[in-house]
Structures are given as C-alpha cells and as structure tokens.
Amino acid sequence: MRFLPDLANGQRDLRVAVVGFGYVGSCLGVALAERGATVHGVDSDRSLVAALRGGDRVFDEPGMSAAWARLAAAGRLTVGTELGAVSGSDVVLVTVGTPIDADGGFVADALATACGGLGRVLTRGQLVIVKSTVPPGTTRQLVRPLLESGGLVAGRDFGLAYCPERLAEGAALAQLPTLPVVVGGLDPDSGEAAAAFWTGSLGVPTVAVDGPEIAELVKLADNWWIDANVALANELAQVCGVLGIDALDVIGAANTLPKGDSRVNILRPSIGVGGSCLPKDPPMLARIARDKGVQLHTVTTARAVNDAMPQYSFELIRDELAKLGKPVGGARIAVLGLAFKNETGDLRLTPVRPLVAALVEAGAVTALYDPLADPAAVRAMFGAPLESSLEHTVAGADCVAVLAGHRAFHQLDLDWLAASVAMPCLLFDGRAYYPRATVARLRALGFAYRGIGR
Ligand code: NAD
C-alpha cells in the first residue's frame, strides 16, 4: 500500500512519530506502543520533555504511569525535542495544541510551526495524520502547503489525512483501542493508508469520509452536541431542584425513548463544563459560521448555561449551609476534586476554579484536595496549596464538596467521614452522583445531602 509499509513479515515494528506530546499525544503514544508500535514523541516544550523523561506523572490517566514506565524501559516509547527525529517514522501524527482567541478565532501558530518544520524533514513514503482539532479546510489549505514546502507533494510523495481525536479524558487508554476513528484522506491513497494504519495499529474500526473537511467538522459537531446536551441536563437539573425531583430519575427514564437510529441520551448535569475542548471547539465553530453569515445560537446558549453552573453551585452550597445555621462566610469547605472532570488530574478551565473563587469571595475557608492533580499546577491556578491527605482536608469541615467524581471519592468510608467533619455537615455532590443507598446512609449519619438536580 502506498504510504504505509507492509509489515506483515514481522521484520520490524511500525514506527510512529507523534508531534506535540502533550495530553493527547502522550495518550496516543502510549496506546500505540502498548499494541506493538515503536513510538517517538516530539514536543517543543523542553521542560515537558524533561519531566516525561524523568518519569513524572504529568498526564495522570488511569493506567498511564505503569504503562509509560514499562514501555519506556522496553525502548518502545521515547521522547525528545528534535523534529528531525521523525524522519525514520512510517507515520507522523500531529497533535499540537490548537487554541482560540477571545473571539473564538482559531490560533494556528503551533500547528503552522509544527507543519512548517515537518515540511523540512518529511521523507518520501511517509503518512502524515493531523489529529489536532481545527476548522474545516485547515488540512488542505494550511497544513498541506506547509508540508509541501520542502519540495515533496502530498498524495504523490507522502500521504496526508485528517483524523479527529475523540478520546475522553479520564478514560483515554481504555477508549483508544475501541473508539472508531473518522478518516478524511486528502486523496484515496492517503485515506486508505490512514484507515489501514488505525486498524493495524490500534485494531479500531474506521469511518471513511469524503475528504479532510468533513472529518474536521465531525469533531466540532461532536463537541457541539456534547456541550449542548450537558447544558440541557444542567437546566433540567435546575428545574428538578425547584420541583423536588431527582434529575437522575428523570434522565434515566427519559433515556429509554427510541429516537432516530438510537435513543434519547441526556447526559448528566454537573458543576460546569471545563477542559481544553468543550469550552473551545463549539465557539471555534460558531466563529467560523459567523464569519460566513450564520449564527449558531445553540452554541452561545449552551456555553452561557454551562458557564453559569459554578455560580449556581455556589448558591446551592451557600443556601444549604444557611439551612444548617452555618453562614458560608467562615464555613470550612473541604473541596474533593479540582480537575475539570472525573478520573483526570487535568485542571484546564476547570469549573472548580470559579466555584472555589466564589466560596473564598464569600468568606469561606477552603481546603483543596485532588489525588490526581499536580501540586504545582494547583498552587498556580488556585493560589492555595493542595492538601496532602484526605484526612487533613475533611477534618472539621462544615461542607464536603465533591466536585470531581474520582474513584477515590466513591470509596469514602462514610462512618469515618462523619466522625471527621463538624456536624451538621453538608455533603455537596457536584459530580459523584452517589447512589440512593449512599445518600440514605449519609443522611442517617447526620449529613445534609444536596446534588446538582438532586
Ligand atoms: P496539550 O497542550 O496538552 O498538548 C499540545 C502539545 O503540543 C504541548 O505539549 C506543546 O508543547 C506541543 N507543541 C506546540 N507546538 C509544537 C511544535 N511546533 N512542535 C512540537 N510540539 C509542539 O494539548 P492536548 O490536550 O494534547 O490537545 C492537542 C490537540 O488535540 C488540540 O487540538 C485539542 O483540541 C485536541 N483534542 C484534545 C483532547 C483532550 O481531551 N485534551 C481530546 C480530543 C482532541
């Protein structure tokens, strides 16, 4: 096959270079190396590369640390700063960051630098796959000319495809070997090679679409749907809150309705939507649409709803504490979970930050705990230290606020917790969705329980 060597004879492993070895690049690199590829990650951030080489738990996904150590020791996973190292690879994945500006405009600097550099080092026969999230047209109009700047021609001398990355943080390594990959080749040979790469390397099904533009828009459409769906769940939760109905009961039953090819699938409400994708990708698409004269009202509305959830959550905590005779000013709040979602240490645009800021502004005394978050990143973001232990965090608390549903917080010893806090104590459930039996047990132990829509 053009642009992908036939390795069926087993003489050597598939060699993959990953340019941009941040969160996505690292997860992909580990997943590919786990299944037999030899992976070299390239990142321009020297301190990140040094940390990764030193074995630091930079991207703490379930299973990541152990896999990384094993693969690095076996020589299957290496990392460096030199782009020239991609020359020996069969496949080059591009996973650099693609942020937006304050007006939703795509900031192409990292992608342009990476692809301009790749143009100087690409060799004949290589397959380049862009994974970063980009506006439709970027692979053809920006990436292609930069890659061709060294004289090679896409579709003739090297393959080029766009395949969006759709992994969910917190479950990335489990998801990557199963998640279907959408493949938009610049030309049929590139598309065929990219599809064969994903099937051969990760064993995943692929979904071929007619060109990179469709694949680019698929990613934005997926995240638009998720953000709008969560916004609906968050508003439903607010109605449930005033009606005294458990939102999870409603969602569970509502989701049994067949609709179209699938069924209604309302996601779960929460304290807000953060991370590096959902707050960025829909506004990026809205800006592209606006520039072409189309207003995406659902993007704006969903963002506004989700952005308001930290303040809504603050008001719930404040009002529930008041019912316990404990004004929020001066209350001790044990914050369990700082990351933007469950089972990740990623703090990017975490809704916990504005919620904690509102609590502090109101005079509450917060203690911050997250077993997955990096202490230095926590201090930089929250201006306060990460507590070293759960025991220390909850001691004497008037409110235990579970704001990321990490596994550790599902396994709390409730008797111990009740003995550690200052009763009466509010258990604020921002993301754990404790089952009915746990809620009943908490109440029996003297806690007041309040969740989003519960
Ligand atoms: P990240 O910031 O963690 O990683 C990007 C990395 O690219 C950084 O380490 C940066 O130093 C490196 N980089 C920037 N310019 C470079 C260059 N010229 N050469 C080499 N390295 C360079 O970002 P991320 O979360 O990994 O996201 C990467 C892309 O994947 C983005 O487009 C994002 O929207 C998309 N994405 C992210 C997720 C997610 O869950 N985080 C999921 C799907 C898609």
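**Exercise 1. Which side chain makes a polar contact with the side chain of Asp398, and at what distance?**

Solution.
Step 1. A polar contact of 2.7 Å joins the side chains of Asp398 and Lys326. The term means a pair of N or O atoms within 3.5 Å; within protein, one must be able to donate a hydrogen and the other to accept it, and residues adjacent in sequence count only if both atoms are side-chain atoms.
Step 2. This is a predicted model, in which local features need pLDDT of at least 70, side-chain atom pairs count only at pLDDT 80 or more, and totals for chains, interfaces and linings use all residues. Residues are numbered from 1 along each chain as its sequence is written, and side-chain values use heavy atoms, with hydrogens and water left out.
Step 3. Place the residue. Asp398 sits in the loop between α15 (390–394) and β13 (399–402). Helices (H or I, at least four residues) and strands (E, at least two) are DSSP runs, numbered from the N terminus.
Step 4. Asp398 counts as buried, because its relative accessibility is 12%. Buried means under 20% relative accessible area, exposed over 50%, partly exposed in between (1.4 Å probe, protein chains only).
Step 5. List the surroundings. Neighbours within four places in sequence aside, Asp398 is in contact with residues including Leu321, Gly330, Arg332 and Pro424. Contact means heavy atoms within 4.5 Å.

**Exercise 2. Which peptide bond at Pro424 is cis?**

Solution.
Step 1. The bond joining Met423 and Pro424 is cis, with omega about 0°.
Step 2. Pro424 belongs to the loop between α17 (414–420) and β14 (425–429).
Step 3. Link back to Exercise 1: Pro424 is among the contacts of Asp398.

**Exercise 3. Find where the backbone of Phe3 and Tyr433 has a positive phi, and say whether each residue is buried or exposed.**

Solution.
Step 1. Phe3 is not a glycine, yet its phi is positive, at about 70°. Phe3 lies in the segment before β1 (15–19).
Step 2. Phe3 counts as buried, at 5% relative accessibility.
Step 3. Tyr433 is not a glycine either; its phi is positive, at about 50°. Tyr433 lies in the loop between β14 and α18 (436–444).
Step 4. Tyr433 counts as buried, at 15% relative accessibility.

**Exercise 4. Which backbone oxygen does the side chain of Thr95 reach?**

Solution.
Step 1. Thr95 is in the loop between β4 (91–94) and α4.
Step 2. Its relative accessible area is 9%, so Thr95 is buried.
Step 3. The Thr95 side chain reaches the backbone oxygen of Gly20 at 2.5 Å.
Step 4. Apart from neighbours within four places in sequence, Thr95 is in contact with residues including Val18, Gly20, Val24, Leu28 and Lys131.

**Exercise 5. Describe the ligand shell: which residues come nearest, and which polar atoms face the ligand?**

Solution.
Step 1. There are 27 residues around the ligand; Val24, Asp43, Thr98, Glu169 and Lys280 come nearest. A residue is near a molecule if one of its heavy atoms lies within 4 Å of it.
Step 2. Take the polar pairs. A polar side-chain atom of Thr98 lies 2.5 Å from an oxygen atom of the ligand. For Glu169, a polar side-chain atom lies 2.9 Å from a ligand nitrogen atom. At Ser44, a backbone N or O atom lies 3.3 Å from a nitrogen atom of the ligand.
Step 3. Check the cover. On its own the ligand has 820 Å² of accessible area, and the protein covers 86% of it. Accessible areas come from the Shrake-Rupley method with a 1.4 Å probe; for residues, only the protein chains shown count as cover.
Step 4. Assign elements. Two or more shell residues come from each of α1 (23–34) and α4 (109–121). The most come from α4, with three residues.
Step 5. Sort by class: 10 nonpolar, 10 polar and seven charged residues. Ala, Val, Leu, Ile, Met, Phe, Trp, Tyr, Cys and Pro count as nonpolar, Asp, Glu, Lys and Arg as charged, and the others, Gly among them, as polar.

**Exercise 6. Why does the ligand lie between domain 1 and domain 2?**

Solution.
Step 1. The chain divides into domain 1 (15–209), domain 2 (219–306) and domain 3 (308–451). These bounds come from an automatic or database domain assignment.
Step 2. Domain 1 and domain 2 both give residues to the ligand shell, so the ligand lies between them.
Step 3. The C-alpha centres of domain 1 and domain 2 are 29 Å apart. Across the boundary, 17 residues of domain 1 are in contact with 12 residues of domain 2.
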